[in-house]
Amino acid sequence: MKRVAGYARVSTVGQAKDGTSLEDQRDIIEEKCKQEGLKLEKFFSDGGASGGSLERPELQALISDAEKGLFDTIMFTKLDRLGRNIRDTLNLWHKLHEELHLEIICVKDPIVNTDGIMGKAMFSLIAIFAELERGMIRERTQAGRKIKWEKGDAYFGELPLGYIRSESGKVIIEEEHAQIYHKVVDLYLNQRLSTKKIALELTRAGIPTPSAIKKKKIQSSRWNGISVVDMLKNPAYKGEKVCNKEIYRHKLNALGKKNFDDGKTTKPESEWITFAFDPLITPEKWQQIQDRMQAQKLKPKRVYKGYEDHFLFDGFLYCGECGSRMRKRVKVEKDNDGKQGKVRLYYTCCWHGVSADIKEIAGRKSCYLEAVNADQTDDKLFNQIIDLLTRPTYFVSAWLKDLNTEELEKKVALLEQKSKQLNKRLLEGYNLIASTENSGIKKIYEEGRQKDQKEWGTVQADLTDAKRELDHSTNKKDRYKAFCEAMKKSDPKGKWKLQFSTKGGFSDFMHSLPFAEKKRIVETIVSPEQGGKCFVQYVRPIDFLDSDELKEIPKEKWNAPLTDREPYPHGDFMFDLDRVESVINSLKDKSLLSKVYADPPAGRGKYAH
């Protein structure tokens, strides 16, 4: 009696409703064996498995038992249960019949059975149609998904952390996990931590990783820099993301699995789909993140071993005379015996003292700015930052001095009134033109209407600009009030002020901070991705002389650099209240204060924990 291995497969739950469930297939195979007098030795079944791949647990188990000679015949109901991919199906047929010499019986399509002369030919032909059907199903499914995607009714693919699908399938914000994104942004943009440091902070705080939140098969309990970078780069958080943009190619391994990346190609722009998300961040803030990431790539790479805790403003310092970047330099002088002597640390303009060939190639001239002492320059600039942090509300007030909200409100009101008047006149003009048959009068009315329409367009543009300016002004004032209130709330009893009762005490504290912490503060306040820079340049007569004194020198010399004087550094900081607030709050961190005051100098008490 022939020994039979039965095989059944379903790919979806829906197939249980159309007579192809695993139970139905088993019943058919058992009935066939009974009719033919065959023994059903073993039954293999793959539930929820696609026919597009041979990587199915039960099918692989069947092949393994076949190689051991545990049965003589393979039986299944229809060819598409065995497989829908023509290459895989023919390879399987060759393996089972040609190599292992097993008989193949297809109950519903007996023409492909191996005991007939037409078996192999028809097997190939039916396999082709099975693959064609599979391709058509996939194409229809993809087309339906694409239509939903384009309409914004559904999003296909993995959602960014902070978003979930509602019961209706709509993408909505998940507030708890959205807070993780806000924390990452604050750590990166305001506290200026690197992506690796952010990953450490999140792990130490016990914040679950994206893989754990999404309950993936492979989960990690620790954050990594790549996950942070992916979040910071994802445009979905600013309100929209371009999807269906690329096709990923894969190479097959020895088992036929797609696990070798073979690159990607970009689809035609007409196929791209822009999907709208509820934003978690403004486009401007998102762009600041991208600008900082780009700026990180452009940071000076030269490192002087042993001087890593110097050059605090390296990467932020520019020549105020020619606009070029200042470079750090270490010069080791030798004494009379040829041994190492004094070490000089300095910044120099990249176009000062370069060779004639380099200048000729670049079409540049030498810059006349002399090199400056690096430590002194860093101290002077850092003191400017200390001054800002000592009196934040003073600087905020200066930031608001150019605002005139009342005047803007009057301007908007007048423009809105003008707009209403023009709307009324345009409507009257239209009615006049429509009501007259006299071509001469109609022409006069039309000329007047065109004039009013042109003026209306100008008024609308001015009104839009005025409203935008008013909103900006109002937001600034509101943010100022919130900032001042936050400063009061963060130190309700004045402990912070008591701890540093003098500016000198705060200055000592700031200068005692670890170098990495000072570097973070510098980058936060300077804000290079928003255009903030620090400069070294010569003083000009117009900088310090009053109008009477200026009259005594020729006008063309008012802006002439005084190269006989020491160059001076100054910061052109991009004032951002969120960042200033974040820096001040971070300075109150007890662990940071304890690091600085682990061994407090005489006369200075430890921070009261």
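Colleague: Which element gives the largest share of the lining of the largest cavity?
Modeller: Bear in mind that this is a predicted model. The lining is made up of Val 372, Asn 373, Gln 376, Thr 377, Lys 380, Glu 566, Pro 567 and Pro 569. Two elements give two or more residues to it, β14 (372-373) and α12 (374-390). The largest share, 3 residues, comes from α12.

Colleague: And what volume does the largest cavity have?
Modeller: The count comes to 2 cavities of 30 Å³ or more. By class, the lining of the largest cavity has 3 nonpolar, 3 polar and 2 charged residues. As for the volume of that largest cavity, the figure is about 60 Å³.

Colleague: Let's move to the nonpolar cores. Which element gives the most to the largest core?
Modeller: As a rule, nonpolar side chains in soluble globular proteins tend to be buried together. Here the largest nonpolar core has 41 residues, and Phe 313, Met 326, Leu 389, Met 510, Ile 521, Ile 525 and Leu 587 are those with the most contacts inside it. Elements that each supply at least two residues include β12 (326-334), β13 (340-349), α17 (503-511), α18 (515-526) and α21 (577-587). The one that gives the most, with 7 residues, is α12.

Colleague: Which residues is Ile 521 in contact with, leaving aside its neighbours within four places in sequence?
Modeller: Ile 521 is on the list of residues with the most contacts inside the largest core, and so are Leu 389, Met 510 and Leu 587. Those three turn up again among the contacts of Ile 521. The full set is Ile 385, Leu 389, Met 510, Leu 513, Val 583 and Leu 587.

Colleague: How many residues does the second core have?
Modeller: This second core is separate from the largest one. Val 171, Leu 187, Tyr 188 and Ala 236 are included in it. Its residue count is 32.

Colleague: I'm looking at Met 293. Is it buried or exposed?
Modeller: Met 293 sits in helix α10. Leaving aside neighbours within four places in sequence, its contacts are Tyr 188, Val 229, Leu 232 and Lys 233. C-alpha to C-alpha, Met 293 is 9.9 Å from Leu 189, with their places 104 residues apart in sequence. The relative accessible area of Met 293 is 12%, and the cut-off is under 20%, so Met 293 is buried.

Colleague: What about Gly 504, buried or partly exposed?
Modeller: Gly 504 belongs to helix α17. Its C-alpha atom is 10.0 Å from that of Ile 386, a residue 118 places away along the chain. With a relative accessible area of 39%, Gly 504 falls between the 20% and 50% limits, so it is partly exposed.

Colleague: What distance separates the C-alpha atoms of Phe 515 and His 310?
Modeller: Phe 515 is found in helix α18. Setting aside its neighbours within four places in sequence, Phe 515 is in contact with Glu 308, Asp 309, His 310, Phe 311 and Leu 312. Phe 515 and His 310 are 205 residues apart along the chain, yet the separation of their C-alpha atoms is 7.9 Å.

Colleague: Phe 311 caught my eye too. What is its phi?
Modeller: You'll find Phe 311 in the loop between α10 (283-297) and β11. At 3% relative accessibility, Phe 311 counts as buried. Although Phe 311 is not a glycine, its phi is positive, at about 60°.

Colleague: Where does Arg 192 lie?
Modeller: Arg 192 is a residue other than glycine with a positive phi, near 60°. At 5% relative accessibility, against a cut-off of under 20%, Arg 192 counts as buried. Its place is the loop between α6 (175-190) and α7 (195-204).

Colleague: Over at strand β1, which residue of β3 stands opposite Ala 5?
Modeller: β1 (residues 3-10) has 7 of its 8 residues buried, so the strand is largely enclosed by the rest of the structure. It pairs in the parallel sense with β2 (residues 39-47) over 8 bridges, and Ala 5 stands opposite Lys 42 there. β1 also pairs in the parallel sense with β3 (residues 73-76), over 3 bridges. In β3, the residue opposite Ala 5 is Ile 74.

Colleague: Last one: what percentage of the residues in the protein are buried?
Modeller: The protein has 22 helices and 16 strands. Of the contacts between residues at least 6 apart in sequence, 68% join residues at least 24 apart. Out of 609 residues, the buried share is 37%.

How values were computed:
Residues are numbered from 1 along each chain as its sequence is written. This is a predicted model: local features need pLDDT of at least 70, side-chain atom pairs count only at pLDDT 80 or more; totals for chains, interfaces and linings use all residues. Side-chain values use heavy atoms; hydrogens and water are left out. Buried means under 20% relative accessible area, exposed over 50%, partly exposed in between (1.4 Å probe, protein chains only). Helices (H or I, at least four residues) and strands (E, at least two) are DSSP runs, numbered from the N terminus. Two strands pair if DSSP finds at least two bridges between them. On a 1 Å grid over the protein atoms alone, a cavity is a set of points where a 1.4 Å probe fits but cannot get out, and a pocket is an open set with protein on both sides within 12 Å along at least five of seven lines; lining residues have an atom within 4 Å of a point. Grid points are joined across faces, edges and corners, and a volume is the space filled by probe spheres set on the points. Ala, Val, Leu, Ile, Met, Phe, Trp, Tyr, Cys and Pro count as nonpolar, Asp, Glu, Lys and Arg as charged, and the others, Gly among them, as polar. A nonpolar core is a set of buried Ala, Val, Leu, Ile, Met, Phe, Trp, Tyr and Cys residues joined through side-chain atoms within 4.5 Å. Contact means heavy atoms within 4.5 Å.
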